[in-house]
Amino acid sequence: MYFTYLFLVVSNLPVRVDFFVMSRCPDARKCELLFSPALLKLSPIINFTVSYIAYGSSPSSIQCMHGEDECQGNRQQLCVQNQCSQTTFIKFLQCQSRQMENIPNNGEQCVQEASSDGSLKWADIQKCLQSDQANRLLYESIQRTQAAAAKKSCTIHLNGKFWCMHDGTWYGCNEGRDERSLIKAICSRYNGKDKPDECAAAL
């Protein structure tokens, strides 16, 4: 009985989807705008996390390739990721990526756009940003990136393994590099019974 229960729990685990990016990187925008529709469609069967490529030996010493605006954009996105549902977070990423050159100044606007029901408040994100939490979240995020050996934005992992990367062009995308390819890849890795309708179409 125990083993049957354990099998059912394991077989219904969501698929881990990890994006390793820099918030003001054109390659991150490419991935986020291209794949976010698929992530929204498959949200019930995925566990989506964004981690950041930056450098620092402590939470207070972090530096980002595209400057402090990017570090602040990273912090904004992490505060949102930490406080809301993944569907709201994906919508927030979509909004910021459409206006990447305005990061971090578009944070409040994108919170309002992503959370039309008002469940996420800009005041709560500001509270996170003004505390030590934002730096801690960014430092922990960098550590996840380093543990995954992801060095290029945008790198995508599924269930902890490399799936595809965009760094000026596409690399290593053996299962495809468009929305349908990501849907098919995620659905093929999910063993639960209640697959979204998109899985039947893709598989």
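In this predicted model, helices α2 and α8 cross with a right-handed sense. The two elements span residues 26-41 and residues 179-189, respectively, and their axes come within 8 Å of each other at a crossing angle of roughly 35 degrees. On the α2 side the contact is built from L34, F35, P37, A38, L39 and K41, and these meet E179, L182, I183 and I186 of α8. Sorted by class, the α2–α8 contact holds eight nonpolar residues and two charged ones, with no polar residue.

It is worth pausing on the spacing of such contact positions. An α-helix has 3.6 residues a turn, so residues three or four places apart point the same way.

What, then, do the buried residues of α8 pack against? The buried set in this helix consists of S181, L182, I183, A185, I186 and C187. Their packing partners include α2, as well as the strands β1 (15-21), β2 (46-52), β3 (155-158) and β4 (161-166), and a further helix, α9 (197-202).

Aromatic pairs offer a second view of the packing. A search over the whole structure returns four of them. One involves F35, a residue already met in the α2–α8 contact: its ring centre lies 6.1 Å from that of W170, and with the planes at 70 degrees, over the 60 that the class requires, the pair is edge-to-face. Because F35 sits in helix α2 and W170 in strand β5 (residues 170-171), this pair ties together parts that are 135 residues apart in sequence. Both partners are buried, though their values can be given separately: F35 has a relative accessibility of 0%, while W170 has a relative accessible area of 16%, and therefore still counts as buried under the 20% cut-off.

How are the rings of F48 and F89 arranged? They form a tilted pair, with 6.1 Å from centre to centre and 35 degrees between the planes. This pair, too, links distant parts of the chain, as F48 belongs to strand β2 and F89 to helix α4 (residues 86-98), 41 residues apart. F48 counts as buried at 5% relative accessibility, and F89 likewise at 2%. The F48–F89 pair does not stand alone, for ring pairs join F19, F48 and F89 into a cluster.

Strand β2 thus appears in both views: it is one of the elements against which the buried residues of α8 pack, and it carries F48 of the tilted pair. Helix α2 does so as well, through its contact with α8 and through F35, which pairs with W170.

Definitions and conventions:
Residues are numbered from 1 along each chain as its sequence is written. This is a predicted model: local features need pLDDT of at least 70, side-chain atom pairs count only at pLDDT 80 or more; totals for chains, interfaces and linings use all residues. Side-chain values use heavy atoms; hydrogens and water are left out. Axes are lines fitted to C-alpha atoms, for helices over the stretch in contact, and angles run from 0 to 180 degrees between N-to-C directions. Helices (H or I, at least four residues) and strands (E, at least two) are DSSP runs, numbered from the N terminus. A crossing is left-handed if the near helix is turned anticlockwise from the far one by less than a right angle, and right-handed if clockwise. Contact means heavy atoms within 4.5 Å. Ala, Val, Leu, Ile, Met, Phe, Trp, Tyr, Cys and Pro count as nonpolar, Asp, Glu, Lys and Arg as charged, and the others, Gly among them, as polar. Buried means under 20% relative accessible area, exposed over 50%, partly exposed in between (1.4 Å probe, protein chains only). Rings of Phe, Tyr and Trp (its six-membered ring) pair if their centres lie within 6.5 Å; planes under 30 degrees apart count as stacked, over 60 as edge-to-face and the rest as tilted.
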